[in-house]
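Let's walk through this one together, from the helices to the sheets and then a few odd spots in the backbone. Have the viewer open as you read.

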Amino acid sequence: MVRLRFLLPLFALLLCVPSSAHAADKPNEQALYQDGPQGRYLLDGDWLFRKDDADQGINQRWMRTTSTAGWNTVKVPNVWNLGDASNESMAGGIGWYRKDFELPSADSALAWAFRFESVNYRTRVWLNGKPIGENTGAYIPFEIQAAGLKRKGTNRLVVRVDSKRLDRDFPPARTNADGVPSGGWWNYSGIQREVYLKKLDTVDFQRVQVRPEIDCGTCDATVRMNINLRNVTNRGQRVSITGKFGDRKVNLGTKSLGPKGIAAFSDSIRISNPKLWSPQTPNLYDVSFTVRVDGKKVAGYDLHSGVRSIKVSQGRLFLNGAPLNVRGMGLHEESKAAGFAIDNARREELVNLTREAGGTVLRTHYPFHPYTHELADRLGLLIWEEIPVYSVSTAVLKEPSVRRLAVHELERMIGANENHASVMLWSIGNELSSQPGPVQVAYIDSAVKFAKEMDPTRPVGLAVAAYPSSLCQATQYKSLDVIGFNNYFGWYPGPSGQIFDRTKLSGYLDAVRACYPDKALMVTEFGAEANRDGPIEEKGTWAFQQDWINYQMNVMNTKPWLSGVVYWALNEFWVRPGWEGGNPRPAAPIHQKGLVTYDGVKKPAFFDIQRWFKATNQFPP
Ligand code: GCB
C-alpha cells in the first residue's frame, strides 16, 4: 500500500509527458474546400520544422529522430522564407517538417492516404521512419498511401521539402550573368497548402468527371459522368455507384473490381431546360456519388457542377452562345503575412477585390487553390487556368523529356480541376520564349492535342509576349484556340531596340487580328509599376500608371473582337532580388504593377480600372 501511494504520482507524471515535447493531434474530419472525396481530416495546427542548409538530414536520419533539438514549432501551411529577400532564398533550399498524430478513433477505415495540396517543389515523405512516397512539382495536389500506419498510438509523418529551382523545373531556375537567380515570382519554400489524412475504405476515386454539355443557350443538356475507381484491397469485389445530379438520381451500375484493379463506370443523363451557369447567374447543381460494396457505403464524393458551354467560334470566345469580351485580374495567391501559405479569408479577399474592380476573370501562372475554384464557381468568375510552364528556354524545351513533363503537369491540372464551371480554358503556359520556332511548335502541338483528348469541352490557350517580332507566328500557334497577349507597349523597352511605344499598340492588335482570324484573342496582361507620387510623364509614379492604363483601355476598347482583357496584377507581390520591372525607382523585391499595394492600400489606378472594367465587361446576360 505504501509503495503504491509512493508510485502513483510518478505514474501520473509519466502519463502526462508525451513521447516528445510535441503532443500528437487527433485530426478532425474537415476540409478547407467542399468538392472532393469525403473523409478528409485536416492535418493542420502545430508541426515541427527544421531547416537543412547543409543537406545533412538524410545522413543524420532526421526521418527517424525523436529528439526535438533544432526543431521549431510552425503552423502548416507554412513557407519558411517569408520576408527573406536574399538570393539564396530565391534559389531555394531544404527544410524538414514533422507531425505527430493519432488516427481519429471513431473511424475504422481500411486504409489511409496523405493528400498534399501543394508543396514546393521536391517532396519526400516518411511515415514512422519508413519512406512512403515522393512527388515533384508544386500547385497541383498529390496523394501518397499511408503504408505502415499505426491504428493505435502516435504516428509520425516526416516531410522533406527541397525547393531548389532547377533548369528543368516549372518554372525553371534562371540565373543572370551576376549569378542572381531570377524568376517571375518568389520561390516560396515549404508546405504551401494544407495536408489531409484521407480515409480509404476498399476503393479510392482515381478520376471523377462530370461533364455537362449544351449545344446552344436554352437547349437540353447532356451530363456525362465518368468515374474510375481503384481497389485498395487485395480481394476482388462487386462495387456499385449511385448518385445525384441536382434532384436527378443517377446509377452508374455495378462492376467487378479485381484485386488492386481499376474499374471505369459511366452514365449520362439529359436535363431539359437546365439552369445555365454564367457570371450573371452562377447556377450550380449539387452532385454526389456513393460507392457501395455488398450494399454497404464505402466511399463518397461531392462536387458542384455548372451547366454551360464555352467555345471558340469565328475568332472569339462564346459562353452559352453569347460572345465574351471579359475583364479581369492576374494575381498571385499571396499575402504579406503568409506568402503563398494563405488561408481562405485571404482567398476571399483577393476574389472580392477582383469583383470590386469590375473583374470577372482570374488568372495566375499556376493552378489556384481548390477553394478559389469553388469561390469562382459560386460567384460567377471565369478562370484562365495555367500550368507553371513559364519562360522555358528553347534549349530546355528542346528536350522531349521536358516537353513530356510539361504535358504531365497539364494532365494533373486537368484531372484536379476539370469539374469546375469557372475554368474557361486550359493554358499550356506563359511566355515560353521570345524566339518562336519548331521547338515551341512541338510543345504547343503535343500539349494542345493532349488537352483536347482529355477534355474536348474546353478551349486551349497560351499566353505570349506581345513583341512586334513575334507578331505573326500563324504556323506556330495553329493548334491553339485562344492566344493571350501580354501587352507592355509603352512600358517596357522592346527587345533588341524595337520600337515598342504605346502608340504602336493599336496597329499591333489589328495586325495580330489579321494574322489569326479564327483564334480567340485576349490581352492576358497589361500593367505598369507605380510606387510614388510624381509627374505624369515619369515612369513609376501613380499618375503615370493611371495615364498609361487609361491610354491602353481606350485603345483596347476600340477592338470589339477581343475576347477579354486582364490586368497584371491585382496585388503587389514579392518577386525576386533586384527586380525593377521597368520602374527607374523600384522597391525590389516587390513587383509593383499591382493596383493594391503590398500593405493592402488601393492605388489611384484601382479606381481607373474599376471605371473601365465596369463599363466594358461583356458576358452573357
Ligand atoms: C510578364 C509575366 C509576369 C511578369 C510581368 C512583368 O509578362 O508573365 O509574370 O510579372 O511580365 O511585370 O514583367
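Are helix 6 and helix 7 roughly parallel or roughly perpendicular to each other? Keep in mind that this is a predicted model. The axes of helix 6 (residues 400-417) and helix 7 (residues 438-454) cross at roughly 25° and come within 10 Å. Angles under 35 degrees count as roughly parallel, and helix 6 and helix 7 are therefore roughly parallel to each other. As for handedness, their crossing is right-handed.

If you want to find this contact on screen, pick out R403, A406, V407, L410, E411, I414 and G415 on the helix 6 side. Across from them, helix 7 brings V439, A442, Y443, S446, A447, F450, A451 and M454. Sorted by class, the residues in this contact are 11 nonpolar, 2 polar and 2 charged.

Now for another helix pair. Helix 3 (residues 344-356) packs on helix 4 (residues 370-379) at an angle of about 40°, and the axes are 10 Å apart. That angle makes helix 3 oblique to helix 4. Helix 3 also passes helix 4 in a right-handed crossing. The helix 3 residues involved are N344, R347, E348, V351 and R355, and they meet Y371, T372, L375 and L379 of helix 4. Here the classes come out as 4 nonpolar, 2 polar and 3 charged.

On to the sheets. One is an open sheet of 5 strands, with antiparallel pairing and the order 1-22-21-18-19. Strand 1 (36-37) and strand 19 (248-257) are the edge strands, each pairing on one side only. Strand 18 (residues 237-245) runs antiparallel to strand 19, and the two pair over 9 bridges. To get your bearings there, look for T242, whose bridge partner in strand 19 is N251.

Another open sheet has 3 strands in the order 23-24-25, again with antiparallel pairing. Its edges are strand 23 (310-313) and strand 25 (322-323), each paired on one side only. Strand 23 and strand 24 (residues 316-319) are antiparallel and share 4 bridges. Which residue in strand 24 is the bridge partner of K311? That would be F318.

What about the overall layout? The domain assignment splits the protein chain into domain 1 (17-200), domain 2 (203-305) and domain 3 (310-616). Between domain 2 and domain 3, the C-alpha centres are 33 Å apart. Their contact takes 16 residues from domain 2 and 19 residues from domain 3.

Finally, here are the cis peptide bonds to look up in the backbone:

| Cis peptide bond | Omega |
|---|---|
| N120 and Y121 | about 20° |
| F170 and P171 | about -5° |

Y121 sits in the loop between strand 7 (119-120) and strand 8 (122-127). P171 is in the loop that runs between strand 11 (155-162) and strand 12 (174-175). One more backbone spot to check is N128, where phi is near 50°, a positive value in a residue other than glycine. You'll find N128 in the loop between strand 8 and strand 9 (130-136).

How values were computed: Residues are numbered from 1 along each chain as its sequence is written. This is a predicted model: local features need pLDDT of at least 70, side-chain atom pairs count only at pLDDT 80 or more; totals for chains, interfaces and linings use all residues. Side-chain values use heavy atoms; hydrogens and water are left out. Axes are lines fitted to C-alpha atoms, for helices over the stretch in contact, and angles run from 0 to 180 degrees between N-to-C directions. Angles under 35 degrees count as roughly parallel, over 145 as roughly antiparallel, 65 to 115 as roughly perpendicular and the rest as oblique. A crossing is left-handed if the near helix is turned anticlockwise from the far one by less than a right angle, and right-handed if clockwise. Contact means heavy atoms within 4.5 Å. Ala, Val, Leu, Ile, Met, Phe, Trp, Tyr, Cys and Pro count as nonpolar, Asp, Glu, Lys and Arg as charged, and the others, Gly among them, as polar. Two strands pair if DSSP finds at least two bridges between them. Domain bounds come from an automatic or database domain assignment.
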